[in-house]
Amino acid sequence: MTMLSAALFEAAEGCLTGNEQTTRLYVYAIYIILYFTIYNIIRSLSSICINAGVYEKAMYLLKDDIVAATAALPLIQFENEEMLARRKRAEECVQNDRIPGIFMLLIVLTTSIAGIVSLLAALWAYHPLLPPIAAASVAQFFVSNWLLERESFALEAAVTQGKRGRDYLWSLFTNLGNVREMRVMGFAGYLAGRWKEERDRVNEAQWRLDRKRSRYRLLCDAVKTCGYLTGVALCLWLLGDGAISAPIFGACLVAFASVQDVVGNFFGSAGKIPGFVGLAADYFSFIDSSIPERQEAAESAESAAPQELSGAIESIELKDISFRYPHSEKEAVKAATLTIRQGQVVSLVGVNGSGKTTLVKLLLGVYEPERGEIRYNGKNLRTIRKEALYSRTALLTQDFALYNLSLEENIALADIDRAGDKERIRAALRRVDMEGALDEAGAREDSRIPGEHGGILGREFGGPTFSEGQKQRLALARVLFADRELVILDEPTSALDPLQENRILEEFLRLAKGRTTIIISHRVGLCRQVDKIAVMQAGAIAECGSHEELMAKGGEYRKLYDMQSRWYTEGQP
């Protein structure tokens with residue numbers, strides 16, 4: 001392009017002085033037009049291919065990998081603050097296009113080399129000092145970008161927790177239950193202030209870096225301008241000395257500016273790579289964190305396929321199991337031993353924080369014990385295919401959920417193929433005093449505009465809403481509908497009043513006959529109707545036996561029972 005510009009300028013000078021015909025001028029003008037046309041077409045096609053074939057596809061694949069890595073992590077890692085922060089940085093890396101950015105930087109560096117060499121050679125032909133002046137005037141872009149990207153990498157790590165806190169506080173304002181409590185109790189302003197503080201703290205750190213980036217850019221541009229003026233001065237001196245002609249002088253200025261742009265872009269891109277690689281390392285660090293689990297699963301599948309649970313669950317044995325959460329010095333469960341036989345109804349009781357829910361998570365294989373083992377029908381839980389166990393288990397957790405689906409779907413989720421069996425759904429609802437909910441949902445559905453999604457629960461979809469107690473009864477109905485062999489209820493009646501609690505639990509215990517049932521509760525009123533009671537205290541099973549046995553023993557269970565019985569007989573808190 002530099003040579004074409006010089007030839008065009010010389011042809012133009014010849015036409016002006018009458019020494020040449022205009023044909024040569026037109027030929028070079030056509031060459032330049034063709035060059036720019038072809039260049040822009042190739043550039044546009046390249047941009048389309050890169051954006052569609054690299055950026056969009058890469059983002060799709062990278063997000064898929066994050067989902068796969070998250071799914072492969074042991075559930076205990078979701079209690080690990082460090083792992084959650086690592087995942088957040090991996091998501092930020094993808095959202096900020098860091099990995100596709102590395103590819104683009106490499107493309108720029110690779111494709112720029114030929115152009116840089118040709119431009120430097122053209123400048124060298126005019127004068128040996130022009131190439132080093134042009135290159136030296138933009139070398140600062142490498143140093144600037146290298147320093148800024150290194151600081152950007154450090155900033156991402158420093159503000160990760162702040163971003164997590166900011167996002168959590170924001171999520172509180174998108175939840176109706178939280179917003180309702182905030183307004184009634186009058187602390188919405190405080191939480192909004194906290195969110196603004198976290199937001200401003202994160203933004204201020206980013207703004208400081210952006211201000212520094214602007215100052216560096218201004219300084220780099222000033223040095224580049226000084227270099228360009230130096231090149232112009234040298235070209236003027238060469239023109240005055242007769243070393244170059246006026247057309248060549250114009251071509252020199254075009255070539256000098258082109259060298260500055262191309263070499264400056266090359267240096268700037270090269271300076272970004274270390275920082276981009278550092279930020280991309282966060283992504284690969286998170287992806288790699290799931291590799292041991294994937295390899296372990298693959299090796300386990302190769303060496304021995306997970307065992308199936310053949311026949312009914314005749315026994316569940318916990319043998320001296322202990323467990324602690326990540327970064328915690330205190331054991332949540334310690335040396336717990338318990339045997340549950342087929343058809344037994346077992347109650348885990350104890351004050352809040354005594355380890356009841358954690359013990360059940362271990363029993364289901366959600367977490368793995370640090371010591372001891374759990375056996376189903378004599379088989380170690382580690383060797384059993386979890387899906388085989390879960391297909392036989394109905395679970396009601398403390399943080400149960402109703403979904404913005406139809407009432408029938410909410411009840412039949414665990415056995416969705418039978419969602420059309422309204423009689424069975426109605427029977428499950430009847431057992432928890434919620435049969436009227438089906439009629440209400442049906443009335444709402446009938447009154448909706450044809451073609452819309454009818455019967456969806458939740459006020460935001462125009463469907464019925466329920467109190468916390470009603471929601472808990474619907475969740476219990478879901479357990480009854482599932483009709484599984486092993487039933488686990490974690491605080492199943494915490495939102496019910498005492499009369500409802502006793503009646504529904506009596507009905508549930510009647511229906512649970514023949515099923516192995518584990519009920520977690522800090523209330524001991526229902527323990528008179530269960531087969532076995534395990535009293536947990538500070539993570540350990542302090543006592544185990546029937547209601548009569550433990551009352552006669554006069555230990556921790558007797559204290560809990562006597563204390564809670566006074567709530568109902570004397571009205572004491």
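**A four-stranded sheet and some shaky stretches**

Start with a warning: residues 297–303 have pLDDT under 50 throughout, and the model gives that stretch one contact beyond four places in sequence. This is a predicted model, so it pays to look at confidence before anything else. The chain has 20 helices and 10 strands, and this briefing spends most of its time on a sheet built from four strands.

**Confidence**

- Across the chain, pLDDT averages 80, and 82% of the residues score at least 70.
- The low point is helix α11 (residues 291–303), with a mean of 50.
- At the other end of the scale sits β1, where confidence is highest in the chain, at 94.
- Residues 445–454 also stay under 50 in pLDDT, and here the model has seven contacts beyond four places in sequence.

**The sheet**

- Reading across the open sheet, the strands come in the order β2-β1-β4-β5, with antiparallel pairing.
- β2 (333–341) and β5 (379–380) are the edge strands; each has a single partner strand, so one side of each has no neighbour in the sheet.
- Helix α12 (residues 356–363) packs on this sheet and touches β1 (315–323), β2 and β4. The direction of α12 makes about 120 degrees with that of β1.

**Strand by strand**

- β1 pairs with β2 through six bridges, in the antiparallel sense. If you want a spot to look at in the structure, isoleucine 316 has isoleucine 340 in β2 as its bridge partner.
- β1 also runs antiparallel to β4, joined by five bridges. Lysine 319 stands opposite glutamate 373, which belongs to β4.
- β4 (residues 371–376) is linked to β5 by two bridges, again antiparallel. Here tyrosine 376 has lysine 379 of β5 as its bridge partner.
- β1 is mostly covered, with seven of its nine residues buried.

**The chain as a whole**

- Of the 573 residues in the chain, 42% are buried.
- Take the contacts between residues at least 6 apart in sequence: 72% of them join residues at least 24 apart.
- The accessible surface of the chain is about 30400 Å², and carbon and sulfur atoms account for 57% of that.

Terms used. Residues are numbered from 1 along each chain as its sequence is written. This is a predicted model: local features need pLDDT of at least 70, side-chain atom pairs count only at pLDDT 80 or more; totals for chains, interfaces and linings use all residues. Side-chain values use heavy atoms; hydrogens and water are left out. Two strands pair if DSSP finds at least two bridges between them. Contact means heavy atoms within 4.5 Å. Axes are lines fitted to C-alpha atoms, for helices over the stretch in contact, and angles run from 0 to 180 degrees between N-to-C directions. pLDDT is the predictor's confidence in each residue, from 0 to 100. Buried means under 20% relative accessible area, exposed over 50%, partly exposed in between (1.4 Å probe, protein chains only). Accessible areas come from the Shrake-Rupley method with a 1.4 Å probe; for residues, only the protein chains shown count as cover.
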